[in-house]
Every structure is written in C-alpha cells, then in structure tokens.
Amino acid sequence: MTRTLRLDPSDNVIVAIDAIEQNATADGVVARARVPRGHKMASRPIAQGEPVLKFGQIIGFAARDIAPGEWVHEHNVAMHDFARDYRFAEAARREDVLPVETQATFQGYRRANGKVGTRNYIAILTSVNCSASVARFMAEEIARSGVLADFPHVDGVIPLVHGGGCALDVKGEGYDVLKRTQWGYATNPNVAGVVMVGLGCEGFQISRWKEAYGVAESDTFRTMTIQEVGGTKKTVAAGVEAIKAMLPIANHATRSTAPASELMLALQCGGSDGYSGITANPALGKAVDLLVKHGGTAILSETPEIYGAEHLLTRRAATREVGEKLVGMIKWWEDYTTRNKMEMNNNPSPGNKAGGLTTILEKSLGAAAKGGGTTLTGVYHQPTTPSP
Amino acid sequence: MTAKGFVYMDTPGYDPVAATGQVAGGANILAFTTGRGSAYGCKPTPSIKLATNTAIYERMIDDMDINCGDVLDGVSLEAKGQEIFETILRVASGERSKSEQLGYGDAEFVPWTIGATM
C-alpha cells in the first residue's frame with residue numbers, strides 16, 4: 001500500500017509520502033510515471049492553463065494537459081500572475097490569552113529593562129569588516145586564557161563579524177539596516193555585555209551610532225577603534241581587558257522563573273521539502289498558537305518565501321492597516337527583484353525542487369504554516385526600531 | 001517590536017540573514033524546520049531544529065532536536081505542537097540544543113546588505 005496524502009478535498013494533486021512506483025495504484029489512481037517521495041501526482045485531469053491545487057490553494061498552472069497518474073512538477077507546471085483576494089482583517093479576532101499566573105514558565109535571566117534572556121553572552125560587535133579579525137582575536141584570547149571557567153553563568157563570548165560597514169551611503173537603507181541590526185544585538189536580552197570595536201576611519205562611525213541611540217560607555221558597554229588605541233595588539237589587549245572586567249558582572253545574572261509571555265520565538269525554515277508544509281511547519285504552527293495563548297510572541301519572516309501566500313496573512317491581520325503594510329512589503333520586493341533583474345519565482349532552490357516543491361507559491365503556503373492560526377498583530381521592517 | 005502575539009518581520013528568505021533580523025528584533029529563542037537537512041545554529045539565541053521527515057532526522061541526528069516526520073505515521077499536529085512548545089520552554093531554561101552543543105553561532109551573524117557597495 002503506497003502512502004499518499006490529500007491535503008484538501010478540492011486538491012487535484014496528492015502527495016507521495018513514499019515514492020509511488022510506475023503502474024502502482026495510489027488513492028485509486030494508477031501512476032503513469034515514478035513519483036519520488038514528497039512529490040505530487042495528479043489525481044484528476046488538469047487541463048492546460050487550469051490551476052494546480054494543493055492545500056486547497058493555487059500553487060501554479062498546468063503548462064499542458066495533465067492526466068491522472070502523472071507526476072506533477074516543473075516539467076508540466078508554470079507560474080504566472082493571478083489576482084489574490086486580500087480580504088483585509090476578515091478573520092481578525094481578539095485572542096484569548098491566559099492570565100499571567102496561569103501561563104507556562106521558564107527559567108530566564110531578567111534584565112534591568114524588564115526583558116528576559118534565555119542565554120547570558122558577552123558580544124563583541126564590529127562596526128566594519130576591517131575590525132573583524134581583531135574581534136576574533138579577542139574571543140580567541142579569552143578562550144585561550146581559560147578565564148571563562150571562573151564564570152559558570154556566562155555562556156560565552158561571541159565575535160559578531162560581518163562584511164560591511166564602509167563604502168556605503170550613510171543616508172541609505174543599507175546603513176540604516178546595519179545600524180539597527182547592531183543595536184538590536186546590543187540590546188537583545190540574551191546579551192549581558194557588549195564590546196564594540198571599529199577601525200576608525202569607516203563609514204559606520206561608532207560615535208555617531210552611540211549618539212543615534214543615546215547610549216553611553218558603561219561597565220557592560222565599551223567601544224574602541226584600532227586606530228585610536230594604536231594598532232592590532234593594543235586593541236586586542238584592550239578588548240580582552242574590557243571583557244575580563246565584564247565577566248564578573250555578567251556572571252552575577254541568575255535564572256529565575258519567568259512567564260512564557262517573555263518569550264519571543266523566531267520562526268525559520270530552511271532546506272524545505274515536500275513534507276515541510278505537511279509535518280514540521282504546521283506542527284510548529286500549533287506550538288505558536290500555544291505560545292500566543294500563553295502570552296508570548298512569535299515572528300514569521302522571509303518575505304520572498306511567503307510570497308504568494310500573503311493573502312492568507314492579510315485575512316488574519318488585526319486591522320486593514322497591518323495587512324496593507326504587509327502587501328506594501330510584497331510590492332517592495334517585486335520592485336527590488338525587478339531592479340536587480342531577478343524574479344520572485346527564482347526562490348525554490350535546486351534542493352527544494354528535488355524535495356518536491358515546484359513553485360514559490362507551493363513553498364510559501366507551506367512556509368506560512370509555521371505561523372499557526374492566530375491574528376497577525378503587527379508587521380515590522382527588519383530589524384525593527386523600538387516602535388512600529 | 002511592541003505587539004505581542006503573532007507578528008511579521010520583513011526579511012530576505014536567506015536563512016542566516018532572516019534570523020539575524022529576528023534576533024536583532026529581540027528574539028530570545030528560535031525554531032528552525034528543515035526537510036533537506038539544514039545545519040544552522042545561532043548565538044546569542046539558541047536554535048531548535050525540527051526535521052520534517054524521519055529519514056533526515058535519522059541521517060542528521062547530531063543536528064536535529066525534534067522529529068516531525070512521525071506526523072506521517074499518525075502523531076497528531078496538536079501532540080507535536082505540544083512537544084515543540086515544551087522543548088522551547090526547556091531550551092529557554094538552559095537545556096542546550098544540538099546546534100549549541102556543536103558550537104554553532106560565531107559565523108551566522110549576517111546583517112542584510114542592501115543597496116550598493118561603493
């Protein structure tokens with residue numbers, strides 16, 4: 001008995017849980033070709049131009065007439081634009097959240113600003129790629145010294161290096177995103193202390209960044225540049241000294257009971273296949289529904305990967321405004337990819353396709369399942385500024 | 001990010017870039033599903049890996065925290081969701097996920113580079 005799955009009564013394809021061999025019968029249909037596991041087989045005739053339906057949703061259009069029992073994939077499915085009905089906020093509702101005293105709990109690090117961390121790290125931030133090696137040298141020196149053994153409540157020292165920070169337009173969105181990303185890491189509740197190191201002459205000026213966020217040097221926040229301190233060796237030594245001074249402070253943090261409402265869960269899927277939208281993603285969606293019921297937050301992201309499924313999210317948007325903000329982001333991506341001579345349907349990777357995902361719409365419908373079924377309460381740019 | 005509940009953040013689809021945005025947004029825990037077998041991990045936010053099928057869960061057992069492939073064998077989505085929720089609470093409390101045990105996270109900080117490099 002070949003295992004298959006029909007995800008919605010209106011679907012004209014079924015999913016092969018195990019490979020369907022040629023001439024085998026699955027769900028009452030004889031396979032005309034071998035259908036690999038995770039891939040789709042037509043369960044009904046699909047005329048050229050007719051939508052291919054999976055999850056009860058359009059995932060593409062038949063590029064030619066497809067007979068029942070045929071393998072349905074890139075060779076006979078095409079993608080083209082079609083109208084989507086956004087029906088903004090139609091399914092919005094007030095979610096029932098458990099009172100805080102009955103919420104599930106975890107053991108976390110409560111920070112001075114009231115946020116709760118799940119880990120206790122010291123981060124070495126870098127303003128520019130030119131200070132990346134120095135940041136690594138600092139972390140390596142800390143590891144070599146063995147000093148971390150004396151501070152069991154500190155999870156480690158992380159060099160957060162990157163390839164940017166200079167030769168960019170400091171009034172442009174690239175600088176803006178980098179600036180906010182750095183600030184977001186500096187203030188993430190899993191971070192107990194920050195050393196930020198720059199070169200000195202770069203576009204991303206640490207002093208300007210500190211000014212933008214009104215942050216001053218403190219016991220747990222130190223910045224320096226290689227040019228000011230006087231070269232690599234002296235800067236590594238100064239950074240290591242700053243970290244060593246932070247370790248006892250960071251080590252004072254202890255875990256205490258916190259409600260699940262202090263959790264902010266990032267949702268990701270990568271290396272997706274034909275099972276993603278059937279097993280792990282909807283199961284994670286159920287966990288998200290539970291987290292929301294317990295007062296917590298879950299973040300769905302990856303706009304090119306919800307592309308085509310955005311109409312399911314706009315219906316769940318708390319307000320029309322929230323839904324329209326999401327549609328605005330979709331339009332930004334269409335423009336961005338056009339400007340760069342790319343197309344949105346490029347996204348299913350060769351691995352995705354080998355796994356049975358034919359179009360970006362199919363991948364998106366499965367990806368959006370990670371978000372569960374509750375009301376979409378907010379839409380933010382990456383990474384967000386403190387207010388919407 | 002001010003709203004509680006289910007929210008959306010605009011990011012690219014490329015996993016390390018998207019996750020970097022979410023961590024910068026304040027995420028203190030991360031759940032990552034994979035079918036082909038991602039070997040991702042993150043710092044300072046622990047990442048829990050969920051396999052979509054039993055074959056990849058078994059082949060990459062050192063990387064995977066939860067097998068969701070058993071949903072195809074009859075485990076309900078509700079039961080799996082409960083298991084994931086409980087795992088999230090345990091990892092949030094200090095239990096180390098597989099990618100943490102392997103030491104992932106020093107190379108996965110990838111801010112979105114957008115616009116021209118000159």
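Asp63(B) touches Ala39(B), Lys49(B), Lys98(B), Leu102(B) and Tyr104(B), once its neighbours within four places in sequence are set aside. Keep in mind, as you turn the structure around, that this is a predicted model. Asp63(B) sits in the loop that links helix H2 (54-59) to strand E4 (66-67) of chain B. The residue is buried, yet it has no salt bridge. Its nearest side chain of opposite charge belongs to Lys49(B), 4.6 Å away. A salt bridge here calls for a side-chain nitrogen within 4 Å of a carboxyl oxygen, so the pair falls outside that cut-off.

Lys49(B) deserves a look of its own. This lysine lies in strand E3 of chain B. What is its status, buried or exposed? Lys49(B) counts as buried because its relative accessibility is 0%, and the cut-off for that class is under 20%. Leaving out neighbours within four places in sequence, the contacts of Lys49(B) include Phe32(B), Ser38(B), Ala39(B) and Tyr40(B). The run from Asp63(B) through Met64(B) and Asp65(B) to Ile66(B) is also in contact with Lys49(B). Ala39(B) is thus a contact of Lys49(B) and likewise a contact of Asp63(B). From Lys49(B) to Leu72(B) the C-alpha atoms are 18 Å apart, with a separation of 23 residues in sequence.

Phe32(B), one of those contacts of Lys49(B), leads us to strand E2 of chain B. E2(B) covers residues 29-34, and 6 of its 6 residues are buried, so the strand is largely enclosed by the rest of the structure. Ile29(B), Ala31(B) and Thr33(B) point one way from the strand, while Leu30(B), Phe32(B) and Thr34(B) point the other way. Residues on both sides are buried.

Which strands pair with E2(B)? One is E17 of chain A and another is E3 of chain B, as set out here.

| Strand paired with E2(B) | Residues | Sense | Bridges |
|---|---|---|---|
| E17(A) | 264-269 | parallel | 5 bridges |
| E3(B) | 47-51 | parallel | 5 bridges |

The pairing with E17(A) joins a strand of chain A to one of chain B. Within it, Leu267(A) stands opposite Ala31(B). On the E3(B) side, Leu30(B) has Ser47(B) as its bridge partner.

The loop between E2 and E3 of chain B holds Pro44(B). The peptide bond joining Lys43(B) to Pro44(B) is cis, with omega about 5 degrees.

Chain A has backbone details worth a visit too. Arg87(A) has a phi near 40 degrees, a positive value in a residue other than glycine. Ala89(A), again a residue other than glycine, has a positive phi near 60 degrees. Arg87(A) belongs to the loop between strand E9 (77-78) and strand E10 (105-110) of chain A, and Ala89(A) is placed in the loop between E9 and E10 as well. With a relative accessibility of 37%, Arg87(A) counts as partly exposed.

Stepping back to chain A as a whole, there are 11 helices and 19 strands. Its C-alpha atoms fill a box of roughly 75 × 50 × 40 Å along the principal axes. Of the 388 residues in chain A, 54% are buried. Among contacts between residues at least 6 apart in sequence, 72% join residues at least 24 apart. The chain exposes about 15,600 Å², and carbon and sulfur atoms supply 52% of that area. Chain A carries 41 positive and 40 negative charges, and their mean positions are 2 Å apart.

Conventions: Residues numbered from 1 in each chain as written. Chains lettered and ligands numbered in written order. Predicted model: local features only at pLDDT ≥ 70, side-chain atom pairs only at ≥ 80, totals over all residues. Heavy atoms only, no water. Helix = DSSP H or I, 4+ residues; strand = E, 2+ residues; numbered from the N terminus. Buried < 20%, exposed > 50% of the residue type's maximum accessible area, 1.4 Å probe, protein only. Contact = heavy atoms within 4.5 Å. Areas by Shrake-Rupley, 256 points an atom, 1.4 Å probe, with all protein chains shown as cover. Lys, Arg positive; Asp, Glu negative; His and termini not counted. Charge placed at Lys NZ, Arg CZ, Asp CG, Glu CD. Pairing = 2+ DSSP bridges.
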